[in-house]
Amino acid sequence: MSDSVSAASAPAAAPAAPVVAVDHAKKCFGDIEVLRDISLAVNPGEVVAIIGPSGGGKSTLLRCMTLLETLDAGDLSYGDLAVCRDGSYGDKRVLADARSRFGLVFQNYNLFPHFSVLRNVMDAPICVQKRDRAEVESQARALLAKMGLTGNEEKVPCQLSGGQQQRASIARALAMNPRIVFFDEPTSALDPELTAEVLKVIKGLAAEDMTMVIVTHEMSFAREVADRIVFMDGGVIVEQGPARELIDNPREERTRAFLAQRGA
């Protein structure tokens with residue numbers, strides 16, 4: 001059999017499993033249903049931006065995906081790791097494994113105020129992942145340099161600008177060597193100049209094929225950096241699609257109205 005025939009008859013490689021997936025996810029706070037039958041999968045190297053009005057369920061979805069909230073129903077998985085099945089979660093080992101697979105950047109930084117910037121970045125890899133201190137310190141210093149924070153290692157967070165604090169929190173998330181990084185409105189607490197600093201860093205990570213989910217109100221940024229945009233409103237995914245296509249030619253009236261309000 002010729003090589004060309006062999007190649008043609010070889011089975012196609014199976015597509016890579018999603019880095020994270022939720023299926024038929026539901027979440028209530030009291031009588032209010034905040035997530036209503038949400039299904040979403042994020043593939044390796046993909047950047048997904050989640051947009052929508054306040055109260056639409058964006059941050060709750062992100063908090064459920066990062067185990068800060070629990071689903072009332074539905075499934076959550078990280079690759080081959082089943083974290084939740086129909087609202088029933090795995091044991092402590094499963095949850096610890098899941099947490100080791102993602103990083104999370106909050107809108108208000110959440111740095112330890114009494115730790116130096118360097119210690120903020122090093123703490124979890126040493127205490128949670130039990131990694132070698134010298135190796136972690138070398139990586140932490142390299143990440144801080146990548147974030148433009150060389151010379152700030154021994155400062156405490158209050159000595160940094162908001163943009164610098166957010167970049168330090170991104171370095172902290174990356175120090176865990178995550179398979180995916182979640183951003184919860186990472187620029188909402190920043191003025192326009194500092195916002196540009198942080199968005200430049202995230203854009204650089206996208207260029208390196210870092211898998212990311214970004215809840216954002218920055219429409220131009222989402223259009224430029226995301227591979228896919230998910231528009232949420234009323235606890236459901238109203239529409240999703242390639243970023244430029246969704247912003248330039250939304251199919252749903254609710255999406256068009258929201259984008260018009262945002263000047264997109």
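**Exercise 1. Place strand 10 among its neighbours, starting from I229.**

Step 1. I229 stands opposite G241 in strand 11. Strands here are DSSP runs of E with at least two residues, helices are runs of H or I with at least four, and both are numbered from the N terminus. The model is predicted: local features need pLDDT of at least 70, side-chain atom pairs count only at pLDDT 80 or more, and totals for chains, interfaces and linings use all residues. Residues are numbered from 1 along each chain as its sequence is written, and side-chain values use heavy atoms, without hydrogens and water.

Step 2. Strand 10 and strand 11 (residues 236-242) pair in the antiparallel sense over 6 bridges; pairing requires at least two DSSP bridges. In their hairpin, with 2 residues between the strands, G234 takes a positive phi near 65°.

Step 3. Strand 3 (residues 47-51) pairs with strand 10 in the parallel sense over 4 bridges, and I50 stands opposite V230.

Step 4. Strand 10 (residues 228-233) is largely enclosed by the rest of the structure, because 5 of its 6 residues are buried (under 20% relative accessible area; exposed is over 50%, partly exposed in between; 1.4 Å probe, protein chains only).

**Exercise 2. Describe the surroundings of R101.**

Step 1. R101 lies in the loop between helix 3 and strand 7.

Step 2. At 7% relative accessibility, R101 counts as buried.

Step 3. Contacts (heavy atoms within 4.5 Å) of R101, leaving out residues up to four places away in sequence, include Y78, D80 and P178.

Step 4. A polar atom of the R101 side chain lies 2.9 Å from the backbone oxygen of Y78.

Note on methods. Polar contact = N/O pair within 3.5 Å; in protein donor to acceptor, adjacent residues only side chain to side chain.
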